[in-house]
2 protein chains.
Amino acid sequence: MLHNTDIYETLKYRLMTNGFEHGQKVRAEHLRLEFGCSASTIREVLFRLSTLGLVEFRDQRGFRVPQKSAEVVNELTHLRVLLEAEGTAMSIRLGGIAWEARLTAAHHQLSHLEMRLQTADDRAPFVDLWFAAERQFHETLISACGSDSLRSTHHQIYCRFRQQLMVEDRAFDFISNNIEHHQQILDAALSGDEALTRQKIHDHLARHLMIAAS
Amino acid sequence: MLHNTDIYETLKYRLMTNGFEHGQKVRAEHLRLEFGCSASTIREVLFRLSTLGLVEFRDQRGFRVPQKSAEVVNELTHLRVLLEAEGTAMSIRLGGIAWEARLTAAHHQLSHLEMRLQTADDRAPFVDLWFAAERQFHETLISACGSDSLRSTHHQIYCRFRQQLMVEDRAFDFISNNIEHHQQILDAALSGDEALTRQKIHDHLARHLMIAAS
DNA sequence: TTTTGTTGAAATTTCGAGATTTTGTGATTT
DNA sequence: AAATCACAAAATCTCGAAATTTCAACAAAA
């Protein structure tokens, strides 16, 4: 039988990858059947996901997937830039060879996928792999920052960001630009230039920023 | 009778103000009696508070108040500086007269309390008022940043920060420095100098930073 | 036409009992 | 003394039914 934690991870993944419609209600009573447990157990899991921001809870009216909103994308992008730039700068100072090796590996994997994606007829089989690799790369950037609090805060923001953009990004229109961006971030990070790295992270995400709030 | 939301707020306040010992277990079965509801209801509330970081949940072994840790204080301070500096800079750009008025009012209230605190024989009756006013001032700083996501992220960090430091801060050793700091932050913000304001926010919180991570 | 009120169905929330798991104690063995 | 084990007590987790609240459709009044 499925354990509590499995349900949490399953629903988290589904919410992040738009397995539910934006704005759709998420009913514990329905999911109960799918997972073979009681509604209370689902409810518990949804509460945990709600403080992550992947579902919204309103008293007496249950859980709902957040609406898609350009405004929210803008806010989340801004926070991602802030946290990733800071975390990466700290990693540059503290990470050492081990971090550089991990970052290079993560980039290599992502880069390989992106190359193949660019020329593929059917991109569908790449979707999950790409999202995992992209997430891995960005998490590796800040992985040596030395602050669990920064990492978990970034994780929250990243999850909500993905939830907002997953649908659109499935088209992969941006893919050729992205290859360039990721390479530049890697090069800047390995060169040890903090300011340049911050700039490249900003540039990479800039296409999601409406207002130029620095 | 007490509603779900009231229990949430009551426990949140108690956790933030060290109404529980650091590291203490928080038993739903015990609190049940105090709030006159079932353990499941308490459990639900604790789950919500756990993703905020005010209690830690571990599978099959319940809820526990996070331990006090210099490391965590350092991390949370770093994030507070990052988020408050950014949020305040945005408020300076977007807030206008209305924000300046609110900020001045919040500072006036805090300043008044701090003056009286400085000379008071018994500081106990000021504790709750001061914490509320200090929180109000810092929340007002970022209140016009235009990003709900930034505000709620800051709120999470602020809650955990307070939980870590409430006990120590009750002594108010820092109070005379603080009066100066708050005044300087206010002046810098009203002058519209973003860089100076960022610096003053950093200086204000610097006493909680161990490592000089920028 | 718009607003207000009623009512039944559906969704949410609470509850306490029972099942499961962990924790603490003390005896037994190495 | 240290480690292992057994067992009882305590804590945690799950469940489904009952109580409460919201929602939606329709009727009545302004």
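Two residues are in contact if their C-beta atoms, placed from the backbone, lie within 7 Å. By that criterion, 23 residues of chain A are in contact with 23 residues of chain B in this predicted model. On the side of chain A that touches chain B, the elements giving two or more residues are α1 (4–16), α3, α4 (70–94) and α7 (148–169) of chain A. Of these, α4(A) contributes the largest share, eight residues.

DNA strand D is surrounded by 16 residues. The closest are Asn4(A), Cys37(A), Ser38(A) and Gln60(A) from chain A, along with Gly62(B) from chain B. Two elements give two or more residues to the surface near DNA strand D: α3 (39–52) of chain A and α2 (28–35) of chain B. Helix α3 of chain A is thus listed both for this surface and for the side that touches chain B.

The residue classes of the two surfaces are as follows.

| Surface | Nonpolar | Polar | Charged |
|---|---|---|---|
| Side of chain A that touches chain B | nine residues | eight residues | six residues |
| Surface near DNA strand D | two residues | eight residues | six residues |

Chain A also contains an open sheet of three strands, in the order β1-β3-β2, with antiparallel pairing. Its edge strands, β1 (25–26) and β2 (56–57) of chain A, each pair on one side only. Strand β1(A) is joined by two bridges to β3 (residues 63–64) of chain A, and the two run antiparallel. Within this pairing, Val26(A) has Phe63(A) of β3(A) as its bridge partner.

Key
Residues are numbered from 1 along each chain as its sequence is written. Chains are lettered from A and ligands numbered from 1 in the order in which they are written. This is a predicted model: local features need pLDDT of at least 70, side-chain atom pairs count only at pLDDT 80 or more; totals for chains, interfaces and linings use all residues. A residue is near a molecule or strand if its C-beta atom, placed from the backbone, lies within 6 Å of it. Helices (H or I, at least four residues) and strands (E, at least two) are DSSP runs, numbered from the N terminus. Ala, Val, Leu, Ile, Met, Phe, Trp, Tyr, Cys and Pro count as nonpolar, Asp, Glu, Lys and Arg as charged, and the others, Gly among them, as polar. Two strands pair if DSSP finds at least two bridges between them.
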